[in-house]
Amino acid sequence: MCGIVGYVGPQSALDVVMAGLKRLEYRGYDSAGVAVLADGQLAAAKKAGKLVNLEKELAERPLPAGWTGIGHTRWATHGAPTDANAHPHLDNAGRVAVVHNGIIENFAELRGELMERGHELTSETDTEVVAHLLAEEFSATADLAEAMRLVCRRLKGAFTLVAMHADEPDVVVGARRNSPLVVGIGDGEAFLASDVAAFIAHTRSALELGQDQVVELRRDGVTVTGFDGRPAEARAFTVDWDAAAAEKGGYASFMLKEIAEQPKAVFDTLLGRIDAEGNLTLDEVRISASELREMDKVVIVACGTAFHAGLIAKYAIEHFTRIPCEVELASEFRYRDPILDAQTLVIAISQSGETMDTLMALRHAREQGSKVLAICNTNGSTIPRESDAVLYTHAGPEVAVASTKAFLTQLVACYLVALYLGQVRGTKWGDEVRAVVRDLAQIGDAVERVLGTMEPVRQLARSLADRNTVLFLGRHVGYPVALEGALKLKELAYMHAEGFAAGELKHGPIALIEEGLPVVVVVPSPRGRSLLHDKIVSNIQEIRARGARTIVIAEEGDEAVVPYADHLVRIPPTPTLLQPLVATVPLQVFACELATVRGNAVDQPRNLAKSVTVE
Ligand code: M6R
């Protein structure tokens, strides 16, 4: 939610900041803006709409060259996505510029006070008050970092702020509370950004700022303090992927690239977690085996696609460990007073590691004495940092707003956690664990095979471009897969799509079936529980009898579905529990193609942002 970049160094600040914003545009694309410091003056440009509008504006009205700059791409919270509401925001004298991610909850009160003191505020944003407050504090202290600390102490809510002042031309100051901000350390230059992708082309050396910290960037180094002014520590880390990983690499969209990367992402997530004998070794899970043995309940919290991964994890955890597992939308979790204690293992799943709903849920769980294990794709992000343990997925940077490879790797991580729990609790024998691990090790190849057979799925998607509704059905682990297929279609193709448990259809939703309605059905393996398979074959017949156009995703060799499938999508045989890893892939391709043919922005669907840092 909102991308922020700051730079100080010998390069053109505008070039560095604009390149960084391009990398961060996935975080928000309602408007964009930049400011540079040149010859003791601030110069700014901002435009509603995508970054390309700002690029046009800069081509028509170039900014002067400067070596200190900040920039922003916005996902609107307060105020419509207009030029006036775009960041940076300046004070009345035009001496201070600020960009912001998050929500300042007491902005109305602060705004009233500023207006009483004669300030003129021209936007509808909560951010603008910060520019004015910084100007006031700077006039008293002549120190931007100190001004930032004083202002932050008065702010309520979640925020990342990055600012510069015309009277301190070689300084950029950043602050964070509950919202991401990382520092990049270069040779004679320094960077600030919401995500390392913004500066990975310049340096892989980074610092993760802690909560309530202020950082002052100068060419010769950075200084970190708490909001109280005391020196503070920020953890140094090296980014383990390079700039090429954050490029499209010849694909038409990041989403297509990320779909294609799934076999490798699955493989990488297993890497180093299986020893030479095929046993599971999750060294990073820093919750002791004795503590894990004490757990009597698992609760999974997550949002969106990560929530669907959690729904699938429930089947694996309960099957492998026999511990009850609840899965809850993180945004609902803490409001219902959930029953949590030291015997509850909470698993927080998040690609970005910054989703505010998930962060708040895990904080609530820890306050109740529960241990939290994060499954996360982003090193240095807040959720793993605030958890008791973390299992990183190694999907690499996921840029497209619609989650694909992160989902598959979340599933892999969930299966590993489930097996690990089974291993330490003794509910699974070593050879049983090794057998599942062997199956998991085959999945990358199976996904690769699926990807090689997707042309008919793309053709089918194109033929449905003018439809308004698609339904998705599944049973058992196929039910969350159906939910995920529907979510992908909604967010990418802007079509009405719903996922149902196939058995639930007869309790109401079957009334939606009408002549020609496309219904995608995820069929469990016939080699698994035959009851499950037989039931869904009956469900397909029921909807087909009522006119549905059935799109059946079924295992190779499953002949029972053939008479009832208007379109048949084959997937390689996998054990029932692991089937989501292959069954989801055609649904991703289907949604991506439908979005493309409908002319939608595949990587940046309307109204969305990749990282949702507001509640
Ligand atoms: O970064 P997270 O995994 O915490 O994000 C959670 C959801 O916002 C995310 O999965 C969202 O639903 C995706 N856009 C779906 O494709």
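These legends go with close-up views of the two pockets in a predicted model.

**View 1. The largest pocket and the residues at its centre.** Let's start inside: the largest pocket holds about 780 Å³ of space. Its lining is made up of 44 residues, and those closest to the centre are Trp 241, Asn 377, Thr 378, Gly 396 and Pro 397.

**View 2. Where the lining of the largest pocket comes from.** Look here for β14 (235-238), α7 (262-270) and α12 (382-385), each of which gives the lining at least two residues. The largest share belongs to α7, with three residues. Both domain 1 (3-250) and domain 2 (272-441) take part, each with at least three lining residues. If you are wondering about chemistry, the lining of this largest pocket has 16 nonpolar, 14 polar and 14 charged residues.

**View 3. The second largest pocket and the residues at its centre.** Here the space comes to about 610 Å³. Among the 28 residues lining the second largest pocket, Cys 303, Gly 304, Thr 305, Lys 610 and Val 612 are the closest to its centre.

**View 4. Where the lining of the second largest pocket comes from.** Four names are worth finding on your screen: α9 (304-321), β17 (344-350), α11 (356-367) and α16 (478-493) each give two or more residues to this lining. Domain 2 (272-441) and domain 3 (449-597) each supply at least three residues to the lining of the second largest pocket. Sorted by class, that lining contains 12 nonpolar, 11 polar and five charged residues.

Technical notes: Residues are numbered from 1 along each chain as its sequence is written. This is a predicted model: local features need pLDDT of at least 70, side-chain atom pairs count only at pLDDT 80 or more; totals for chains, interfaces and linings use all residues. Side-chain values use heavy atoms; hydrogens and water are left out. On a 1 Å grid over the protein atoms alone, a cavity is a set of points where a 1.4 Å probe fits but cannot get out, and a pocket is an open set with protein on both sides within 12 Å along at least five of seven lines; lining residues have an atom within 4 Å of a point. Grid points are joined across faces, edges and corners, and a volume is the space filled by probe spheres set on the points. Ala, Val, Leu, Ile, Met, Phe, Trp, Tyr, Cys and Pro count as nonpolar, Asp, Glu, Lys and Arg as charged, and the others, Gly among them, as polar. Domain bounds come from an automatic or database domain assignment.
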